[in-house]
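I opened a fresh notebook page for this structure. Here is what I looked up, entry by entry.

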Amino acid sequence: MNSTTLPVSDPPCLAGLKEPRQDAPGSSRQRDAARTPMASEASSACHASAAPVWLSRWVALSLPLLFIVLWSSGYVAGKLALPHAGPFSLLTLRFGVAALVLLAVALITRAPWPRTAQAWGHLAVVGLLMQVLHFSGVYCAIQWGLPTGLAALLIGMMALATAMGAHLWLAERLSTRQWWGLLGGAAGVAIVVAERPIGGGAWQAYGAGLLGLTGLVTGTLYQKRFCAGMDLRSGSGIQMGVSTLAVLGLALWREPSLPDWSPELIGAVLWLALVNSIGAFSLMFVMIRRGQAGAVARLFYLIPGVSAAMGYLLLGERLSGPAVLGFAVSAGAVALAAMAGPAKPAQNAQNAQVPRSG
């Protein structure tokens, strides 16, 4: 947004407020006294109209930066918490706190709720895919030794993988830039993975990361297909509630030991639930509603690099030259794909095999 510098000598909002000049002796002081309140009011109005412009510009610049930091910090916070709790126990705490807050907000603000059992079922499926499968894969991968930056890089391929999924499932046409983006993103991941052998138990970490990516992509496509009109407050609360019950069952089954409730764990859980799950997602929706949907999509290509830098600075994770090159190649590939126009339905979309609701 470009701002216009107003002339200091005669701002446009003060135009027309000057009184006609009087030649009567002794009237100069009276004119100054009479004009001072009018000029002050007009000057205040001028500053009041300019303040929202600068505030809007500041918000437009700060929201994307804040979103990148908050979203990227989730990988670091997760790794800090995992030594004190198993992946499913950690997710139970994260989803549980977020569910309580979101459901309380939905009740207090009288948000609309789904009216049919089918709508409730669709929201539950999205929660199981986007929350349970996605974060279970990510946290298991990190616990099994996958660096936070590489985990973020795999999940950062979501935009490209979703475009491919929409092409296969929703009959959306991929542009040339998106095809090149897919190839470049795969090349970037290959460069990073090449210096880390997949032998031994490393394949489990990579497999879990890819499973998390699968959950995020399929959940995104499913939500786009069946839950596009959900209310953010009640819909997210339902998804978090269902996810809490699902990971609680997994924790009771696979993790008999209880969390140690250390200050580091409590702080990480509160950060993940309130700042990452609620704050980052809320910022994303605020930017989308401000008309920055394209910017939100492009922001995701910066998250892997920021997460890798946070892991290097806060966790002491190694960041080699080939890894930096791979992050740069993947970032450029996703940016190239994000610059492409919106997907268009294929000409034979009417003949495509698209699942339909009950």
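I began with the buried residues of helix α4. I list them as T148, G149, L150, A151, A152, L153, L154, I155 and G156. Buried means under 20% relative accessible area, exposed means over 50%, and partly exposed lies in between (1.4 Å probe, protein chains only). Helices (H or I, at least four residues) and strands (E, at least two) are DSSP runs, numbered from the N terminus. Helix α4 covers residues 148-156, and 9 of the 9 are buried, so the rest of the structure largely encloses it.

I noted the ground rules next. This is a predicted model, where local features need pLDDT of at least 70 and side-chain atom pairs count only at pLDDT 80 or more, while totals for chains, interfaces and linings use all residues. Residues are numbered from 1 along each chain as its sequence is written, and side-chain values use heavy atoms, with hydrogens and water left out.

Then I checked confidence. pLDDT is the predictor's confidence in each residue, from 0 to 100. The chain's mean pLDDT is 76, and 71% of its residues reach 70 or more. Among the elements, helix α2 (residues 87-108) has the highest mean, 95, and strand β2 (residues 344-345) the lowest, 47. Over residues 1-22, pLDDT stays under 50. I found the same limit for residues 32-42, where pLDDT also stays under 50. Where pLDDT is low, the predicted coordinates should not be read in detail.

I turned to the largest nonpolar core. Such a core is a set of buried Ala, Val, Leu, Ile, Met, Phe, Trp, Tyr and Cys residues joined through side-chain atoms within 4.5 Å. This one has 73 residues, and F67, Y75, L90, Y139 and L146 have the most contacts inside it. Helix α3 (residues 117-143) gives the most to this core, with 11 residues. I followed L90 further. Contact means heavy atoms within 4.5 Å. Beyond four places in sequence, L90 touches G78, A81, L82, A85, Y139, L265, V269 and L272.

Is S277 buried or exposed? S277 is buried, at a relative accessible area of 5%. I placed S277 in helix α9 (residues 263-289). Its side chain makes a polar contact of 2.8 Å with that of R94. A polar contact is a pair of N or O atoms within 3.5 Å; within protein, one must be able to donate a hydrogen and the other to accept it, and residues adjacent in sequence count only if both atoms are side-chain atoms.

Last, I looked up R173, in strand β1 (residues 172-173). R173 is partly exposed, at 38%.
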